[in-house]
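Dear colleague,

I am handing over the structure we spoke about, and I would be grateful if you could look through it alongside the notes in this message. Please read the notes with the model open.

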Amino acid sequence: METVLSGIRPTGNLHLGNYFGAVRSFVKLQDEYECFFFIADWHSLTTHPRPDNIRQSVKTILAEYLACGIDPEKATIYVQSDVREVAELYLYLNMNAYLGELERVTSFKDKVRKQPDNINAGLLTYPSLMAADILIHKANRVPVGKDQEQNMEMARKFARRFNTIYGVEYFPEPASFHLADRAVKVPGLDGSGKMGKSEGNAIYLIDDEKTIRKKVMKAVTDSGPTIPNAEKPEPVANLFAMMEIVSTKDTYDHFNDKYNACEIRYGDLKKQLAEDINAFCAPIRKRIADITADDAYIDKVARTGADKASENAAHTINDVRRIIGFRP
Ligand code: TYM
C-alpha cells in the first residue's frame, strides 16, 4: 500500500493556507492509505524558541490537527523529535547534500535577506531534514501547498542520489499531492503573495467571527473595473481566489458576473466572504476548544503516534545502515 506523509512547523496556529494547502488533502487520504502526519518541531529550532514555547506550540498544533479531522485511529500522528531515527537519516542525507544546491533554495535565500543575523546551518540544511522526514517512512505522496514545491524537488533529488550512490532501488521518489490538478496557493488578502504566519496576513482557524470580519473587510482592493470582462489585478484576484476556496460556486459566479459587468461592490463581496469563512471555521473552532481542554487525550495521541512512527522508522534506518555498510 502507498504511504502518505505530511508535516507542519509548530509556529503558532493553523491558518487557512495550512488547511487548504495540506491538511484537507491529508484528511481525504487517511481512509485509503497508510498515513503519517507529524509536527516538525526540530525544524522550528532554526528560530531558537524557548522550551515552554515549544511545548505550548506543539500541543496547540496537535489539538488543531485533530480538530480538522485527522483521525488517530486511521493515521499515525506524531511529533518529529519523538522519532530520533529521523535525525540519523538527516545526517546521512547531509553527507550527499552540496553547499551550492542548498544555497540556491529560494526560501534559504529569502532568509538570508530577511534575517542576516541568524543564518544557521539548520536553515541551510532545511531541505535535507525535510527529505529525511519523508524518506524515513518511504512516503510516496506528500500533501503540501505550492510553497513547498522546491523542497519536494530536493527530497526527490536526495532519494535518487542515495539510490544511485549505493546502487539500490530503496527510496521511492515522493510526489507532491494536491486534490486539484495543481498545487494550492491560498493567497493573502493584503494585496499580494500567499497567506502565511510570517507574512502577517493569516486568517486562523481559531479566529472568531469578529476577527475574521475585521481581517476580510481590511483586504486590499482597487477602485473597481471600468472595462467589462477585464483581467483582475492581483489584490482583487486574491479575493476571488479565496472565494473560490471557501464559498459555493453560485456565490463565486454571482460576484464574478458582477465584476465582469463592472457592477461589483467590494463591500458586498467582502461581507459574503467573511460569512463563508466564518461558516467554514466555526465548527472547527468549537472542536479546537474542546480538544485543547483535554490534555490527557492529546498526550495519549502523541505517545501512541510516537511508538508507531518509531517502529516504522527503525525498519528504514536498519536497512539504510546495512546499505551504507554499518551494522544494522
Ligand atoms: P509549513 O509549516 O510552512 O506549512 C504547512 C503546510 O501548509 C502549507 N501552506 C500553504 N498552502 C497553500 N497556501 C498557503 N498560503 C500556505 N501556507 C502554508 C504548506 O505548503 C505546508 O504543506 N517545510 C514544511 C514542513 C515540513 C514538511 C516536512 C512537510 C517539514 N518536513 C515533510 C511535508 C513533508 C513547512 O514549513 O510547512
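What follows describes the domains, the nonpolar cores, the salt bridges and two individual residues.

Please keep in mind throughout that this is a predicted model.

Domains and their interface

The protein chain is divided into domain 1, which comprises 3–184 + 295–324, and domain 2, which covers 209–289. The C-alpha centres of domain 1 and domain 2 are 32 Å apart, and the contact between them involves 6 residues of domain 1 and 9 residues of domain 2. Together the two domains bury about 720 Å², of which 82% is on carbon and sulfur atoms. On the side of domain 1, Leu-16, Phe-20 and Ala-67 supply 65% of the area buried against domain 2, which is more than any other three residues. As for charged and polar pairs, the count of salt bridges between domain 1 and domain 2 is 0, while 1 residue pair is found in polar contact across their interface. Helices α1 (16–29) and α2 (51–67) each supply at least two residues of the side of domain 1 that touches domain 2, and the largest share of that side, 3 residues, comes from α1.

Nonpolar cores

In soluble globular proteins, nonpolar side chains tend to be buried together. The largest nonpolar core here has 60 residues, and the members that touch the most other members are Leu-16, Leu-62, Ile-70, Leu-205 and Ile-277. Helix α12 (residues 266–292) gives this core its largest share, 9 residues. Because domain 1 (3–184 + 295–324) and domain 2 (209–289) both give residues to this core, it lies between them. As for Leu-62, if its neighbours within four places in sequence are left aside, this residue is in contact with Ile-39, Ile-77, Val-79, Ile-298, Val-301 and Ala-302. There is also a second, separate core of 39 residues, and its members include Ala-97, Met-130, Ala-132 and Met-154.

Salt bridges

The count of salt bridges comes to 20, and I would draw your attention to three pairs and one network. In one of the pairs, Arg-161 forms a salt bridge with Glu-101, with the closest N and O atoms 2.6 Å apart. Since Arg-161 lies in helix α8 and Glu-101 in helix α4 (residues 99–103), this pair ties together parts that are 60 residues apart in sequence. Both Arg-161 and Glu-101 are buried.

Another pair is formed by Lys-286 and Asp-290, whose closest N and O atoms are 2.9 Å apart. Lys-286 and Asp-290 are 4 residues apart in helix α12, and therefore they are separated by about one helical turn. Lys-286 has a relative accessible area of 52% and is exposed, whereas Asp-290, with a relative accessible area of 43%, is partly exposed.

In helix α13, Arg-303 and Asp-299 are likewise 4 residues apart, about one turn of the helix, and they form a salt bridge in which the closest N and O atoms are 3.1 Å apart. Arg-303 counts as exposed, at 55% relative accessibility, and Asp-299 counts as partly exposed, at 38%. Asp-31, Asp-71 and Lys-74 are joined into one network by salt bridges that share partners.

Two residues to look at

Is Thr-316 buried or exposed? Thr-316, which lies in helix α13 (residues 295–324), is buried because its relative accessible area is 3%, and the cut-off for buried is under 20%. The side chain of Thr-316 reaches the backbone oxygen of Ile-136 at 2.7 Å. Not counting residues up to four places away in sequence, Thr-316 touches Leu-135, Ile-136, Lys-138, Tyr-170 and Phe-171.

Pro-172 is found in the loop between α8 (149–166) and β5 (175–177), and at 22% relative accessibility Pro-172 counts as partly exposed. With residues up to four places away in sequence again not counted, Pro-172 touches Leu-135, Lys-138, Ala-139, Asn-140 and Ala-159. Leu-135 and Lys-138 are thus touched by Pro-172 and also by Thr-316. From Pro-172 to Lys-214 the distance is 42 residues in sequence and 46 Å in space, C-alpha to C-alpha.

With kind regards

Terms used
Residues are numbered from 1 along each chain as its sequence is written. This is a predicted model: local features need pLDDT of at least 70, side-chain atom pairs count only at pLDDT 80 or more; totals for chains, interfaces and linings use all residues. Side-chain values use heavy atoms; hydrogens and water are left out. Buried means under 20% relative accessible area, exposed over 50%, partly exposed in between (1.4 Å probe, protein chains only). Contact means heavy atoms within 4.5 Å. A nonpolar core is a set of buried Ala, Val, Leu, Ile, Met, Phe, Trp, Tyr and Cys residues joined through side-chain atoms within 4.5 Å. Domain bounds come from an automatic or database domain assignment. Buried area is the accessible area (1.4 Å probe) that two parts lose on being put together, summed over both. A salt bridge is a side-chain nitrogen of Lys or Arg within 4 Å of a carboxyl oxygen of Asp or Glu. A polar contact is a pair of N or O atoms within 3.5 Å; within protein, one must be able to donate a hydrogen and the other to accept it, and residues adjacent in sequence count only if both atoms are side-chain atoms.
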